[in-house]
Amino acid sequence: MLTASQRTCEVKVDGAWHPTTLTQARGLYTMAQKRCPACHGQVVIAGTYIGKGSLNLQHRRAHAGCPLRPETYTGTPSPHPQALA
Ligand SMILES: [Zn+2]
């Protein structure tokens with residue numbers, strides 16, 4: 001299983017999206033917009049910063065076309081209906 005330091009999301013900095021790890025997104029880009037690297041839907045990073053490896057990418061709105069959500073993934077990737085540009 002990937003740890004928080006290996007998992008990534010994208011953060012918006014100076015008008016452009018940059019890939020970053022969950023750990024950095026939580027620590028360095030607290031106020032920046034964040035999106036899922038797969039479906040581009042808005043995400044929040046849940047979990048405590050104090051605990052080790054307990055950070056989790058959570059979609060603001062669930063999306064069945066996102067392979068990063070195996071619980072709801074339909075098997076066919078598709079962009080999030082409210083994808084951030
Ligand atoms: Zn997604």
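## The three-stranded sheet

In this predicted model, strand S1, which covers residues 8-13, runs antiparallel to S3 and is joined to it by 2 bridges. Within this pair, glutamate 10 stands opposite arginine 35 of S3. The two strands belong to an open sheet of 3 strands, arranged in the order S2-S1-S3 with antiparallel pairing. Its edges are formed by strand S2 (16-21) and strand S3 (34-35), each of which pairs on one side only. In general, the strands of a sheet pair through backbone hydrogen bonds, whether parallel or antiparallel.

## The S4 and S5 pair

Strand S4, made up of residues 43-46, is joined to S5 by 4 bridges, and these two strands also run antiparallel. Here isoleucine 45 of S4 stands opposite leucine 57 in S5. The two faces of S5 can be told apart, since Leu57 and His59 lie on a covered face, whereas Asn56 and Gln58 lie on an uncovered one.

## The zinc site

The zinc ion has as its protein donors the SG atoms of Cys36, Cys39 and Cys66 together with the NE2 atom of His59, at distances of 2.1 to 2.3 Å. Along the chain these donors follow the spacing C-x2-C-x19-H-x6-C. The angles among the 4 donor atoms range from 104 to 116 degrees, and the site is tetrahedral. For comparison, the ideal angle for four tetrahedral donors is 109.5 degrees. Of the residues that hold the ion, histidine 59 and cysteine 66 are both buried.

## The nonpolar core

The largest nonpolar core contains 11 residues, among them Cys9, Val11, Leu22, Ala25 and Leu55. Isoleucine 45 and leucine 57, which stand opposite each other in the S4 and S5 pair, are also members of this core, as are the zinc donors Cys36, Cys39 and Cys66. Two or more core residues come from each of S1, helix H1 (22-27) and S4. In soluble globular proteins, nonpolar side chains tend to be buried together.

## Around serine 78

Serine 78 is found in the segment that comes after strand S5 (56-59). With a relative accessible area of 31%, serine 78 is partly exposed, because that value falls between the 20% limit for buried residues and the 50% limit for exposed ones.

Leaving aside residues up to four places away in sequence, serine 78 touches Cys39, His63 and Gly65, and Cys39 is one of the zinc donors. Another donor, Cys66, lies 12 residues from serine 78 along the chain, with 6.6 Å between the C-alpha atoms of the two residues.

Definitions and conventions: Residues are numbered from 1 along each chain as its sequence is written. This is a predicted model: local features need pLDDT of at least 70, side-chain atom pairs count only at pLDDT 80 or more; totals for chains, interfaces and linings use all residues. Side-chain values use heavy atoms; hydrogens and water are left out. Buried means under 20% relative accessible area, exposed over 50%, partly exposed in between (1.4 Å probe, protein chains only). Contact means heavy atoms within 4.5 Å. Donors are N, O and S atoms within 2.8 Å of the metal (3.2 Å for Na, K and Ca); water is not among the atoms, so sites may look incomplete. Four donors count as tetrahedral if all angles lie between 85 and 135 degrees; four count as square planar and six as octahedral if opposite donors are over 155 degrees apart and all others between 65 and 115; anything else is irregular. Two strands pair if DSSP finds at least two bridges between them. A nonpolar core is a set of buried Ala, Val, Leu, Ile, Met, Phe, Trp, Tyr and Cys residues joined through side-chain atoms within 4.5 Å.
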